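Thanks for asking me to look this one over. Here are my notes, set out as numbered points so you can follow along in your viewer.

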Amino acid sequence: MLEEELLQHFLTETEDHLATIENTLLTLESDPLHAETINSLFRAVHSIKGGAGLFDFNNMSQLGHSMENLISKARESELTLGKKHIDALLHGMDTLRLMNNDATKIESINVKEMVGLFESFIDASQLDTETTNEPNTPIEPNTKSSLDGKSDSLRTGLYQLERDFETLYGKTS
């Protein structure tokens with residue numbers, strides 16, 4: 001019984017953190033260098049990741065960890081969160097919300113592609129700082145959409161979100 005109560009508390013708290021993530025990302029779209037907003041974003045993602053780890057929600061924890069690593073680069077002024085970063089973080093937030101809405105299916109949502117995208121942003125920021133003295137100039141990864149073959153991380157994100165939704169709730173027409 002106690003474990004069930006703790007799980008419900010975690011899920012409720014996670015929904016609050018997801019609202020914070022959404023609000024901070026929308027703020028960062030217009031002010032990507034605002035330190036307190038970046039710190040607030042980091043804390044919300046960090047809290048979700050930590051709680052997910054306590055319940056052995058490996059996919060949720062892994063996704064949160066990769067998001068946290070990207071945000072950490074922004075906190076350390078090694079990278080400025082641009083549109084593609086924010087779009088990817090919004091997609092990550094949507095995926096965390098899907099997981100949170102049905103904890104029984106958390107492990108059935110494939111986060112490997114999204115984690116890879118976050119890692120490519122981090123790798124690009126490290127490459128950039130190693131090869132130039134101009135900080136905060138991220139190299140954008142190639143994110144091909146299987147919808148139309150155009151490079152568009154938001155479209156790819158929406159496509160992945162639809163696939164995740166179908167995994168959780170079945171195909172809707």
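1. A residue is called buried here when its relative accessible area is under 20%. By that cut-off, 44% of the 173 residues of the protein are buried. Please keep in mind that this is a predicted model.

2. On the overall layout: the protein has 6 helices and 0 strands, and along the sequence the pattern reads α-α-α-α-α-α. If you count contacts between residues at least 6 apart in sequence, 68% of them join residues at least 24 apart.

3. Helix H2 is a good place to start. It covers residues 35-54, and at 1.5 Å a residue these 20 residues should span 28 Å. The C-alpha atoms at the two ends of H2 are 29 Å apart, which agrees with that expectation.

4. Which residues of H2 are buried? They are Thr37, Ile38, Ser40, Leu41, Phe42, Ala44, Val45, Ile48, Lys49, Gly51 and Ala52. You may like to note that Lys49 is on this list. The cover over the buried residues of H2 includes helix H1 (2-30), helix H3 (58-75) and helix H4 (83-101).

5. Now to the packing of H2 against its neighbours. As a reminder, two packed helices are described by the angle between their axes and the distance between the axes. For H1 and H2, the angle is about 155° and the axes are 9 Å apart. Angles over 145 degrees count as roughly antiparallel, and H1 and H2 are therefore roughly antiparallel to each other. Their crossing is left-handed.

6. The contact of H1 with H2 can be traced residue by residue. On the H1 side, the residues are Phe10, Thr14, His17, Leu18, Thr20, Ile21, Thr24, Leu25, Thr27 and Leu28. On the H2 side, they include Thr37, Ile38, Leu41, Val45, Ile48 and Ala52. The residues of this contact divide into 11 nonpolar, 9 polar and no charged.

7. On to H2 and H3, whose axes come within 8 Å and cross at roughly 155°. That makes H2 roughly antiparallel to H3. The crossing of H2 and H3 is left-handed. Their contact holds 10 nonpolar, 7 polar and 3 charged residues.

8. If you want to display the contact of H2 with H3, select Ile38, Asn39, Leu41, Phe42, Val45, His46, Ile48, Lys49, Ala52 and Gly53 in H2. The partners in H3 are Met60, Ser61, Gly64, His65, Met67, Glu68, Ile71, Ser72, Ala74 and Arg75.

9. H3 itself has 18 residues. From its first C-alpha to its last, H3 reaches 25 Å, close to the 26 Å expected at 1.5 Å a residue. H3 is mostly covered, with 13 of its 18 residues buried.

10. Is Glu68 buried or exposed? Glu68, which is found in helix H3, has a relative accessible area of 5% and is therefore buried. Not counting residues up to four places away in sequence, Glu68 touches Phe42, Val45, His46 and Lys49. Glu68 and His46 are 22 residues apart in sequence, while their C-alpha atoms are 6.4 Å apart in space.

11. Two backbone angles deserve a look. Asp56 is not a glycine, yet its phi is positive, at about 60°. Asp56 comes just after H2, in the loop between H2 and H3. With a relative accessible area of 56%, Asp56 is exposed, because exposed means over 50%.

12. The other is Ser77, which also is not a glycine and has a positive phi of about 60°. Ser77 follows H3 and is found in the loop between H3 and H4. At 48% relative accessibility, Ser77 counts as partly exposed.

13. One more loop residue to close: where is Ile109? Ile109 is placed in the loop between H4 and helix H5 (112-131). Its relative accessibility is 0%, so Ile109 counts as buried. Ile109 and Leu96 are 13 residues apart in sequence and 9.8 Å apart in space, C-alpha to C-alpha.

Notes: Residues are numbered from 1 along each chain as its sequence is written. This is a predicted model: local features need pLDDT of at least 70, side-chain atom pairs count only at pLDDT 80 or more; totals for chains, interfaces and linings use all residues. Side-chain values use heavy atoms; hydrogens and water are left out. Helices (H or I, at least four residues) and strands (E, at least two) are DSSP runs, numbered from the N terminus. The expected span of a helix is 1.5 Å times one less than its number of residues. Buried means under 20% relative accessible area, exposed over 50%, partly exposed in between (1.4 Å probe, protein chains only). Contact means heavy atoms within 4.5 Å. Axes are lines fitted to C-alpha atoms, for helices over the stretch in contact, and angles run from 0 to 180 degrees between N-to-C directions. Angles under 35 degrees count as roughly parallel, over 145 as roughly antiparallel, 65 to 115 as roughly perpendicular and the rest as oblique. A crossing is left-handed if the near helix is turned anticlockwise from the far one by less than a right angle, and right-handed if clockwise. Ala, Val, Leu, Ile, Met, Phe, Trp, Tyr, Cys and Pro count as nonpolar, Asp, Glu, Lys and Arg as charged, and the others, Gly among them, as polar.
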